Amino acid sequence: MKITQFEVLDSTNSYIKRNYEKLDHFEVISTNHQTEGKGRLGRIWLDDGDSLLFSILIKNDIKMENISQLPLVVAMVIHDTLYPYIPDLLIKWPNDLVVHDKKLCGILIESISSHQEIHAVVVGIGINLSTQLFPESIKETATSFFLETNQSISSSLLIEEITSKLKIELKYLNQNKSQFVSYSKKHSFLLGKKISFIKDSKIMHGIAQDIKANGNLLVKTSHEQIEISTGEVHLIK
Ligand code: BTN
C-alpha cells in the first residue's frame, strides 16, 4: 500500500484531484495539516492539528451504479475499525460517525469525471484523533478518539486498516455481496428517530424508517414516505 505523508496541504482531496493521473489505484495521501480542508455540502473542515486527515484514490473497480452506495460502505469500514475501541460509535446517515450525536469522523467522497464518465473517485476521511478541547463553535457537536477512550492510537495503522478493508469491501460491492445495508442499519444512529431534513428547499420532519439497498434513507412524514439520497439530516430532540 502506498501512503504519502505531507506536513501541509490545501486539502488531501484536492491534491488527489489535481494529481490523480500519476497516482496509483488505492494510493493514500495523508497530511498533518490542511489549509483548505473541505467538508460536505460546500462546508470547510476545520484543522485543529489533532486529526487524521487522509484521502484514498479509487481508479478502478468502481461502477457508476455503485457510487451512491459508497458513502455507507466507507462509513461501515471506518465503524468496523473503530468500534472495538468505542462501543457507542454509530453511523449517522449518510456517512458521519458519531458518539452520542457528537461527530468523530466525516467523509467526503468526490468523483473525477468528464463527459458523464467517471475516471476516479476520491474518498476523503477526517477523524478527530487526539483533540482534547474543541473550539467553542463545535464543542457541543464534536468529539475525538481520545475524549472517548482516553487512549491514543497509531495513525498509520488506522490508515492501513481502513484502506485495506475498503479494498476488500469494494470487491464485495461490485459482486453485489456487500453487507453495508444490514451493517449500517444495525449500527444506525437515526433509525426509529425523529429527524428533520431539507427536500426541495423545504424543511421537513419525519421518522427515519429504513435504509434501502441503494443506500437511500426512507423517511415517514405525517402523510407520505420519502426516500432521500443525500444531504444533511438532523435529529429532533
Ligand atoms: C464532512 O463531514 O463534511 C466531511 C469532512 C471530510 C474531511 C476530510 S479531511 C481529509 C479530506 N480532505 C478534505 O479536504 N476533506 C476530507
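**Close-up views of the ligand site, pocket and cavity**

**Figure 1. Strand β6 provides the largest share of the shell around the ligand, namely 4 residues.** The model shown here and in the following views is predicted. The shell comprises 20 residues, of which Ser 11, Gln 34, Lys 38, Arg 40 and Lys 103 come nearest to the ligand. By class, the shell around the ligand divides into 10 polar, 6 nonpolar and 4 charged residues.

**Figure 2. Polar atoms of Gln 34, Arg 40 and Lys 103 approach the ligand.** In the side chain of Gln 34, an N or O atom is placed 2.9 Å from a nitrogen atom of the ligand. Arg 40 takes part through its backbone, where a polar atom is 2.6 Å from an oxygen atom of the ligand. Lys 103 takes part through its side chain, with a polar atom 2.5 Å from a ligand oxygen atom. On its own the ligand has 410 Å² of accessible area, and the protein covers 99% of this area.

**Figure 3. The largest pocket is the site in which the ligand sits.** Two or more residues of the shell around the ligand are given by each of α1 (12-19), β3 (51-58), β6 (102-114) and β7 (117-128). The volume of the largest pocket is about 830 Å³. Its lining consists of 39 residues, and those closest to the pocket centre are Arg 43, Trp 45, Asp 96, Lys 103 and Ile 138. Lys 103 is thus listed both with the residues that come nearest to the ligand and with those closest to the centre of the largest pocket.

**Figure 4. The lining of the largest pocket draws on several helix and strand elements.** At least two lining residues are supplied by each of α1, β3, β5 (96-99), β6, β7 and β12 (233-235). Which element contributes the largest share of the lining of the largest pocket? That share, 5 residues, comes from β6, the strand that also gives the largest share of the shell around the ligand. The classes represented in the lining of the largest pocket are nonpolar with 14 residues, charged with 13 and polar with 12.

**Figure 5. A search of the whole structure identifies 1 cavity of 30 Å³ or more.** The largest cavity has a volume of about 30 Å³. Its lining is formed by Arg 40, Lys 92, Trp 93, Pro 94, Asp 96, Glu 232 and Val 233. Of these lining residues, 4 are charged and 3 are nonpolar, while none is polar. Arg 40 in this lining is also one of the residues that come nearest to the ligand, and Asp 96 is also among the residues closest to the centre of the largest pocket.

**Figure 6. Two loops carry notable backbone geometry, at Pro 94 and at His 115.** Trp 93 and Pro 94 are joined by a cis peptide bond with omega of about 5°. Pro 94 is located in the loop between β4 (89-92) and β5, and both Trp 93 and Pro 94 line the largest cavity. His 115, a residue other than glycine, has a positive phi near 45°. The loop that holds His 115 lies between β6 and β7, two strands that each give two or more residues to the shell around the ligand.

Note on methods
Residues are numbered from 1 along each chain as its sequence is written. This is a predicted model: local features need pLDDT of at least 70, side-chain atom pairs count only at pLDDT 80 or more; totals for chains, interfaces and linings use all residues. Side-chain values use heavy atoms; hydrogens and water are left out. A residue is near a molecule or strand if one of its heavy atoms lies within 4 Å of it. A polar contact is a pair of N or O atoms within 3.5 Å; within protein, one must be able to donate a hydrogen and the other to accept it, and residues adjacent in sequence count only if both atoms are side-chain atoms. Accessible areas come from the Shrake-Rupley method with a 1.4 Å probe; for residues, only the protein chains shown count as cover. On a 1 Å grid over the protein atoms alone, a cavity is a set of points where a 1.4 Å probe fits but cannot get out, and a pocket is an open set with protein on both sides within 12 Å along at least five of seven lines; lining residues have an atom within 4 Å of a point. A molecule sits in a cavity or pocket if more than half of its atoms lie within 2 Å of its grid points. Ala, Val, Leu, Ile, Met, Phe, Trp, Tyr, Cys and Pro count as nonpolar, Asp, Glu, Lys and Arg as charged, and the others, Gly among them, as polar. Grid points are joined across faces, edges and corners, and a volume is the space filled by probe spheres set on the points.
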